[in-house]
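Trainee: Could we zoom in on just one part of this model and walk through what surrounds it? I'd like to see how the pieces connect to each other.

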Amino acid sequence: MASNSIPNTPRVKLNDNVSIPILGYGTGTAWYKQAGDDSVNRELVEAIKTAIRLGYRHLDGAEVYGTEAELGVAIKESGIPREELFVTTKVITNIADIPSAIDQSLRKLQLNYVDLYLIHSPFFAKSDGELQQAWAAMEKVQQAGKAKAIGVSNYHQSHLEATLKTAVIAPVINQIEHHPYLQQEELLRFQREKDIKIASYGPLTPILRAPGGPVDPKVSELAAKYKVTEGEVLLRWSIDRGDVAVTTSSKESRLQEFLQVLTFQLTPEEMVMTNIHLLDWAIPSMSTSRNPSHGRSRICNAAQMERKRILDREHQRLRRQKAKRLSEMIQAEMSDLRQDLTFALEILDRLYQLVARCTTFIREPTWVAVSGFSGFQPRRFEPDEKDRFTKDPKALHTFRRWLEHNANKTYPLFFARSEAQEEARNEFVNSMRDALKNPGLEEKVIPPWAVGCRRLTPGVGYLESLNDLKTAVVYDEPRSYLGIAAAGYPNYYMFLAPNSPIGNGPVLVGTEAQADYICKHITRIQQQGIKSIEVTKEAVDDFIEHKDQYMKDMVWNEDCRSWYKGNTADGKIVALWPGSTLHYIDTLRQVRYEDFKVQYFGYHFSYLGNGMSKLEMAPDADLAYYIRQRDDAPIIGAKFVYKKAGPELTAINMTAAKASEETTTDVSRLKFTNRSVPG
């Protein structure tokens, strides 16, 4: 019999007195087999046998992995007595027939029973009743002696609550994705209250899927302190914070390293390390099957999709926490709203009451319906009205007809210079003036054009909010930085913002350049522990000054009305980039970080971590990649390199106004003013 490296893996007792080893070896993840593949993967068999030889006694499988046969062969060939092993498997593929599913799994495993049988995912169920029916079937499996203990996997609190309502035997464990970037605080608290143990999968996510995150420096520090690897620290964190951790590897050396988690324990202070800036870190997404349309791939997709659903739910929880924190913050700070969306009209009245001061940016006037048209008056329905409409469909029907009747009566106002138009304009102007009570605001808000020329906008309390002392109304030129960012808005990026190449040439490629530019920022934010990055007002002012100077010589500056100039004939050109689309692409190739204010979570260089590159962490990477037969690196510097246009591009046939007439324009004869280009 093979000797064990660590013979006594600690165990925790489940709520039915079955004890489970705290460290498990998983046969999923990279070991997944294609649907219909009935062959035995000897590589996996040997990997499982290696794990058993080293001392792993908790073996984790599932029918959807397609690897139960390999697990059964490895157990048989290991020579370890069955009673020394703790075998887990899960059901989801055949969830509709659990009695048959457990029999199939036992045949593949070559076992008479499993130690733990789990429902792999709750997302097969369309109702609480279906969850409860499945759990009743699980209870019969245990009563039949085919599983010593039964539990669940990837369940949310709502799924556990529904199951417990009718359960005769409570689930002993819930196996969930659990790591510093997916802590699931509320779920863990609920499981503690119900004595449902936590098994963690994906504990190494911070170093495998999301390297460079805010926990990396602390994990490296603890690894140095305990003389272990970062992976062992994360495994220990999962065990100490939960109960059981499941991991895997095909490498014997790594499996030996993982066993070192049994030789140390984190202090309570070290356990809370990951709360640092966690809300500001992007939780990594898990991959899902791309082909959920047929066969077992559909089941694999379902089995993997619960990971995404868990992440989505955790994202929602974190967003709620952020929203609460923001709500507390804005009561002493300021809030900015832009009226170029009706969103500002709809919420300004409620939001400005919470803040110390509020700035609303008005792009142009708009008719705000205050009173005067039956059915168009802004109002909020009282609870008793809502209750009456709910209980009395006839009353709701009458009210709807009244609204439609009065809406149809308004059409005469759309006749220019009509009596109805004049009457409507007078009523709108008088009601808006009465609400504003401010001649200065009247000039900014009340339009000069006819009522109905643009969509009428209801806004409960909006005009009154504008007149409040703590509301500042800004009616000015939109000022962007390179058509992407704006001063005063950290971590905020825009597509096709003011001063983008929207009319200078091809638009789509300019948008793609913006996406590339934004992704460069996002990559730096993720990898360098950046809390916020914001363009400076000085950089924006300098850019706008350059733009205004450049535009003086362009045709867009001539006396013609255009939305490029805010729908004026003589205003500033606010929409266009000062140059061609190709000029814009060249400009965005490099990020001028000197134009930005950057704040870090820690000190500036904490992201340097343990001093090793990601490449060095990959055991099979080429560490001499820079040795080459010739210098094929891209040219860095001022040398101008370009590709010559072929003959098919040098002549352009332009179709004239009449389809029968064609002219050929030699674009090489067009003369252009020589201007400097970036780089």
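Mentor: Sure, let's start with α2, where E68, E70, L71, G72, V73, A74, I75 and S78 are buried. Here "buried" means under 20% relative accessible area, while exposed is over 50% and partly exposed is in between (1.4 Å probe, protein chains only). Before going on, a note on what you're looking at: this is a predicted model, with residues numbered from 1 along each chain as its sequence is written. Local features need pLDDT of at least 70 and side-chain atom pairs count only at pLDDT 80 or more, whereas totals for chains, interfaces and linings use all residues, and side-chain values use heavy atoms, with hydrogens and water left out.

Back to our helix. α2 covers residues 68–78, and since eight of its 11 residues are buried, it is largely enclosed by the rest of the structure. Names like α2 or β4 come from DSSP runs numbered from the N terminus: helices are H or I with at least four residues, strands are E with at least two. What does the covering? Among the elements over the buried residues of α2 are α1, β4, β5 (86–91) and α3 (98–109). Right after α2 comes G79, which takes a positive phi of about 80°. For background, most residues other than glycine have a negative phi.

Now pick one of those covering elements, α1, which spans residues 42–54 and includes R42. R42 is partly exposed, because its relative accessible area is 39%. Its C-alpha atom and that of E70 are separated by 7.5 Å, even though the two residues are 28 apart along the chain. R42 also touches K49, V73 and E77, leaving aside residues up to four places away in sequence; a contact like this means heavy atoms within 4.5 Å. Notice V73 there: it's one of the buried residues of α2.

Next, try β4, another element that covers α2. This strand runs over residues 58–60, and D60 belongs to it. D60 counts as buried because its relative accessibility is 2%. Its side chain makes a polar contact with the side chain of K90, at 2.6 Å. By polar contact I mean a pair of N or O atoms within 3.5 Å; within protein, one must be able to donate a hydrogen and the other to accept it, and residues adjacent in sequence count only if both atoms are side-chain atoms. Again skipping residues up to four places away, D60 touches Y25, G26, T27, Y65, T88, K90, Q175 and V246.

That last name, V246, takes us to β10 (residues 244–247). Both faces of this strand are covered: V244 and V246 are buried on one side, A245 and T247 on the other. That fits a simple rule: in a regular strand the side chains alternate between the two faces of the sheet.

β10 has strand partners too. Two strands pair if DSSP finds at least two bridges between them. β3 (residues 23–26) pairs with β10 in the parallel sense over three bridges, and G24 has V246 as its bridge partner. β9 (residues 197–201) also runs parallel to β10, joined by three bridges, with A199 partnered to V244.

So trace the path yourself: from α2 to β4, which helps cover it, then from D60 across to V246, and on to G24 through the bridge.
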